[in-house]
Amino acid sequence: MSDPESPFHLAVDASLAGQRADRALADAIGTVSRSRVKTLIEGGHLFRNGQVLREPAETLRAGMELLLNFPPPLPARPIAENLPLKILYEDQDLIVLDKQAGLVTHPAPGNETGTLVNALLGHCGDGFEGIGGEKRPGIVHRLDKDTSGVMVVAKTALAHNALSEAFAARDIDRAYLALAWGLLPASGEFDGAIGRDKRDRKRMTVVTSGGKAALTRFRLLEPIHAAVSLIECKLATGRTHQIRVHLSQAGHPLLGDPVYLRRIPAAARGLSQDAREAALDFPRQALHAARLGFIHPRTKKPISFDTAPPADFQDLKNRLIG
């Protein structure tokens, strides 16, 4: 099934009242599956009386006016773009780079261009297409859009296969720097399976059943006024939002996290006014992938790369210290 070219309008009458939004829309459109409608709703393409509605299970009431927009289809292949990349190392098999915060890894609805993949296609040329797949060439792991730091990208099938296997086998050295609310102990670990939050599909959460095993180890690098902790986190697994979820679940959400920080932490009272404003106004999660080490696919020798946090992270830390 393909999406219609025009938005779909549905006036909810008594016959539709009480139904789920995704089911009613799929039935009314007739040519789009319910799962596709659900994805569109979660992506912010449904409007109820002029306001965005992101809950597919929303119960309809008579008198509602629904408008479902259909985004233009993604190109079959991402396009090459001349975008700046901070390359730390490059050879015939791979590229190691320092990804800036705000850069999406690969094209997706809402971010069809301007991604790391688009930049890599522009940098590497035609031979890069199809390495590991047409839509995500070279990608063997990812960082969240607003997480900065070290990434490795495969340029050959040899590197893609070897690096993918290394990540799957957890034979990778990864360390992150994070600023978390509250005072954490000198070291420890978070061991909790992670799965999709049933109440909010954009969030992950620690679950008791049905999730994937996740283990995060940490050590305290610097306590800041007993209100914030600069910590190093090392991943034994690589689940979506793993560090962010584990720290939030433990009561130590990352500063600036737009998804897992939902109220002003009590620890904020321990900061000066300037430091508190800096912490509460930070526009992204304070998380940086500081180190990445692995066995080179061709030489079989271990290599490792370290990067300092970007200026906004450093500035935040300095204002917190005062």
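**Exercise 1.** At roughly what angle do the axes of helix H1 and H2 cross, and within what distance do they come? Then classify the crossing.

*Solution.* The model is predicted.
- Step 1: Two packed helices are described by the angle between their axes and the distance between the axes.
- Step 2: Helix H1 covers residues 21–29. The axes of H1 and H2 come within 9 Å. They cross at roughly 125°.
- Step 3: Angles of 65 to 115 degrees count as roughly perpendicular, and those over 145 as roughly antiparallel. The angle of H1 and H2 fits neither class, which makes H1 oblique to H2.
- Step 4: Add the hand. The crossing of H1 and H2 is right-handed.

**Exercise 2.** Describe the largest pocket and its lining.

*Solution.*
- Step 1: Start with volume. The largest pocket has about 1500 Å³.
- Step 2: Find the centre. The lining has 42 residues, and Ala108, Pro109, Asn111, Arg142 and Lys202 are the closest to the centre.
- Step 3: Look for the main contributor. Helix H2 (residues 34–42) supplies the largest share of this lining, with five residues.
- Step 4: Sort by character. The lining holds 19 charged, 13 nonpolar and 10 polar residues.

**Exercise 3.** Where does the second largest pocket lie with respect to domain 2 and domain 3?

*Solution.*
- Step 1: This pocket has a volume of about 680 Å³.
- Step 2: Its lining has 28 residues, with Arg142, Arg174, Gly238, Arg239 and Thr240 nearest the centre.
- Step 3: Elements giving two or more residues include helix H4 (157–168) and strand E8 (173–181).
- Step 4: Domain 2 (76–169) and domain 3 (170–321) both contribute to the lining, so the second largest pocket lies between them.

Conventions. Residues are numbered from 1 along each chain as its sequence is written. This is a predicted model: local features need pLDDT of at least 70, side-chain atom pairs count only at pLDDT 80 or more; totals for chains, interfaces and linings use all residues. Side-chain values use heavy atoms; hydrogens and water are left out. On a 1 Å grid over the protein atoms alone, a cavity is a set of points where a 1.4 Å probe fits but cannot get out, and a pocket is an open set with protein on both sides within 12 Å along at least five of seven lines; lining residues have an atom within 4 Å of a point. Grid points are joined across faces, edges and corners, and a volume is the space filled by probe spheres set on the points. Helices (H or I, at least four residues) and strands (E, at least two) are DSSP runs, numbered from the N terminus. Ala, Val, Leu, Ile, Met, Phe, Trp, Tyr, Cys and Pro count as nonpolar, Asp, Glu, Lys and Arg as charged, and the others, Gly among them, as polar. Domain bounds come from an automatic or database domain assignment. Axes are lines fitted to C-alpha atoms, for helices over the stretch in contact, and angles run from 0 to 180 degrees between N-to-C directions. Angles under 35 degrees count as roughly parallel, over 145 as roughly antiparallel, 65 to 115 as roughly perpendicular and the rest as oblique. A crossing is left-handed if the near helix is turned anticlockwise from the far one by less than a right angle, and right-handed if clockwise.
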